[in-house]
Amino acid sequence: MTLGPMEHVVVVGSSLAGLRAGETLRTEGFTGRITLVGAERHQPYDRPPLSKQVLAGTWEPDRIALRRGDGVAALGMDLQLGVPAVALDTEARSVTLADGRELPFDGLVVATGSSPRRVPGQLDLPNVHELRTLDDALALRARLADGGPRVVVVGAGFIGLEVAATATGHGCRVTVLEAAPAPLIRGLGAALGAAVVDAVSGRVGFDVRCGSAIAALEPDGVRLAGGSLVTADVVVVGIGVSPATAWL
C-alpha cells in the first residue's frame, strides 16, 4: 500500500467503515494526521443491535461501542463528532463542516453510508419515528415503553420487521404496512419472504398487511391509498435508505 506524501487524511463518516479506514491507515504505517468527521455526537458504534437489543432495552449504548474506553484515542485520530460535512471542494482539497470550519486534506475517505428514505411530512409529526441512529433508537425505545402504544410500522423490510417484533415484546399492538405484495421481497423474493414473515409474525404476534400503499401520514395514524385510516399512537417509517452523498 503506497500512501505517498500525504500528511493529513480526513475520513468523513464515523461509523464502522470510517473507523476501519482509520485503523487500516495506522496498521499500514501512516503516521500523519487523521481527522474522523461524524454527523452524530457518539463515538463509533455497531448499528445492527439498534433495532434489537438496544430498542428492547436489554443493551445500553456502551455495549455497542466499536472500541471501548480510550480505544479510538489510541489510534491518534482527531475526532470531530456532531458536526456533519456539508460541502466538498476537490480542487482546494477541503471539506466544509456544518459549523463553518474547513478541513484541508491531502487524502480523503468518504464513508458517510446511507440516510433513511422518508415519507412527505414525516418530520412535521412528533409521533413519527425512524431508526437509523443511536439517538433514534433511544427515542423510540422511550416511546414504546410508555404504556404499550398502538404502533404502525411502514415498510416490511428487515428493519421494519425487527422493529415490529421488538415493539411487540414491549407489549405494543403492532401493524406492519407494506406496499409490495409480499414482505422482504427485495432480499428474499415473494415466496420465501411471505413464509418467513408468516412464521415470525404468528409466533411473535403482530399483523402484516401487504399491498397496503400509504397516501399520507396524519397525526392520528396512517392514511392508506384506498382512503382508510390505520390509527396509531406511534408510527415508524422503515422504507429503505439512500446514499448519504448530498454533501458531495
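The centres of domain 1 and domain 2, taken over C-alpha atoms, are separated by 30 Å in this predicted model. Domain 1 covers residues 8–112 and domain 2 covers residues 116–241 of the protein chain, with bounds that come from an automatic or database domain assignment. Residues are numbered from 1 along each chain as its sequence is written, and side-chain values use heavy atoms, with hydrogens and water left out. Because the model is predicted, local features need pLDDT of at least 70 and side-chain atom pairs count only at pLDDT 80 or more, while totals for chains, interfaces and linings use all residues.

**The chain as a whole**

The C-alpha trace of the protein chain spans about 60 × 35 × 35 Å along its principal axes. Its secondary structure comes to 6 helices and 17 strands, where helices (H or I, at least four residues) and strands (E, at least two) are DSSP runs numbered from the N terminus. Of the 248 residues in the protein chain, 42% are buried, a term that stands for under 20% relative accessible area, with exposed meaning over 50% and partly exposed in between (1.4 Å probe, protein chains only). Where contacts (heavy atoms within 4.5 Å) join residues at least 6 apart in sequence, 64% of them join residues at least 24 apart.

**Between the two domains**

Across the boundary, 16 residues of domain 1 are in contact with 15 residues of domain 2. The size of an interface is often given as the accessible area lost when the parts come together. Here domain 1 and domain 2 bury about 1,300 Å² between them, with 62% of it on carbon and sulfur atoms; this buried area is the accessible area (1.4 Å probe) that two parts lose on being put together, summed over both. On the side of domain 1, Leu50, Ser51 and Leu55 lose the most area to domain 2, and together they account for 43% of what that side buries. The rule also finds 3 salt bridges across this interface, a salt bridge being a side-chain nitrogen of Lys or Arg within 4 Å of a carboxyl oxygen of Asp or Glu. Arg41 forms a salt bridge with Asp135, and their closest N and O atoms are 3.0 Å apart.

**Strand β1 and its partners**

Strand β1 (residues 8–12) is mostly covered, with 5 of its 5 residues buried. In a regular strand the side chains alternate between the two faces of the sheet. Both faces of β1 are covered, since His8, Val10 and Val12 on one side and Val9 and Val11 on the other are all buried. Strands are said to pair if DSSP finds at least two bridges between them, and the table sets out the two partners of β1 described here.

| Partner of β1 | Sense | Bridges | Opposite residues |
|---|---|---|---|
| β2 (residues 33–38) | parallel | 5 bridges | Val11 and Leu36 |
| β7 (residues 107–110) | parallel | 4 bridges | Val12 and Val110 |

**Two buried residues**

Thr166 has its place in helix α4 (residues 158–169) and is buried, with a relative accessible area of 12%. Leaving aside neighbours within four places in sequence, Thr166 is in contact with Ser51, Lys52, Leu55 and Ala56. Ser212 lies in the loop between β12 (207–210) and β13 (214–218), and Ser212 is buried, with a relative accessible area of 12%. With neighbours within four places in sequence left aside, the contacts of Ser212 are Leu177, Glu178, Ala179 and Leu224.
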